[in-house]
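Student: Please take me through one part of this model in detail, with the reasoning behind what you point out. I would like one connected account that I can follow alongside the coordinates.

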Amino acid sequence: MNCDLDGDVENQVELEEKTRLINQVLELQHTLEDLSARVDAVKEENLKLKSENQVLGQYIENLMSASSVFQTTDTKGKRK
């Protein structure tokens with residue numbers, strides 16, 4: 001009878017360990033899902049910012065080309 005009791009205790013310990021491991025795996029899966037979603041959000045934001053930077057860069061380039069302050073001058077011809 002003592003042998004049966006030891007076997008039940010061992011089975012209970014194994015079951016608790018399996019349950020703990022399963023819970024740990026599930027927690028890690030949820031963490032991975034959260035991180036994956038965050039990476040996707042950051043990628044999307046990065047693409048949006050790149051697009052905005054291109055638009056702003058083109059706008060600044062257009063302003064500079066339209067402004068006389070940024071026009072190149074022919075200094076060689078004027079210094080004679």
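**A close look at helix 1**

Tutor: Let's start at E45, which sits in helix 1, the element that covers residues 2-66. Keep in mind as we go that this is a predicted model. The protein has 2 helices and 0 strands, and buried residues account for 0% of its 80 residues. The accessible surface amounts to about 8000 Å², and carbon and sulfur atoms supply 57% of that area.

Now back to E45. Together with D40, E44 and E52, E45 forms a patch of negative charge on the surface. Why can E45 be counted there? A patch residue needs over 30% relative accessible area and no salt bridge. E45 has a relative accessible area of 40%, so E45 is partly exposed and clears that cut-off.

Residue 45 also falls within a stretch that comes with a label: an unreviewed UniProt entry lists residues 18-52 as "coiled-coil region". In the model, this span is 100% helix and 0% strand, and its end C-alpha atoms are 51 Å apart. Please treat the label as the record's own, since such annotations may be inferred rather than shown by experiment.

Next, look at E17 and R20, which also belong to helix 1. Their side chains form a salt bridge, with an N to O distance of 2.7 Å. That distance qualifies because the cut-off is within 4 Å. The two residues are 3 positions apart, about one turn of the helix. A search through the whole structure turns up 1 salt bridge. Both partners are partly exposed: R20 has a relative accessible area of 44%, and E17 has 35%. E17 is therefore over the 30% needed for a patch, but its salt bridge rules it out.

Finally, move along to M64, another residue of helix 1. Here the surface has a nonpolar patch of about 640 Å², made by Y59, I60, L63, M64, V69 and F70. M64 is partly exposed at 38% relative accessible area, so M64 also passes the 30% cut-off for patch members.

To put the picture together: helix 1 holds E45, which belongs to the negative patch; the E17 and R20 salt bridge; and M64, which helps make the nonpolar patch.

Key: Residues numbered from 1 in each chain as written. Predicted model: local features only at pLDDT ≥ 70, side-chain atom pairs only at ≥ 80, totals over all residues. Heavy atoms only, no water. Patch = residues over 30% accessible without salt bridge, like charges linked within 9 Å, V, L, I, M, F, W, Y side chains within 5 Å. Areas by Shrake-Rupley, 256 points an atom, 1.4 Å probe, with all protein chains shown as cover. Lys, Arg positive; Asp, Glu negative; His and termini not counted. Charge placed at Lys NZ, Arg CZ, Asp CG, Glu CD. Helix = DSSP H or I, 4+ residues; strand = E, 2+ residues; numbered from the N terminus. Buried < 20%, exposed > 50% of the residue type's maximum accessible area, 1.4 Å probe, protein only.
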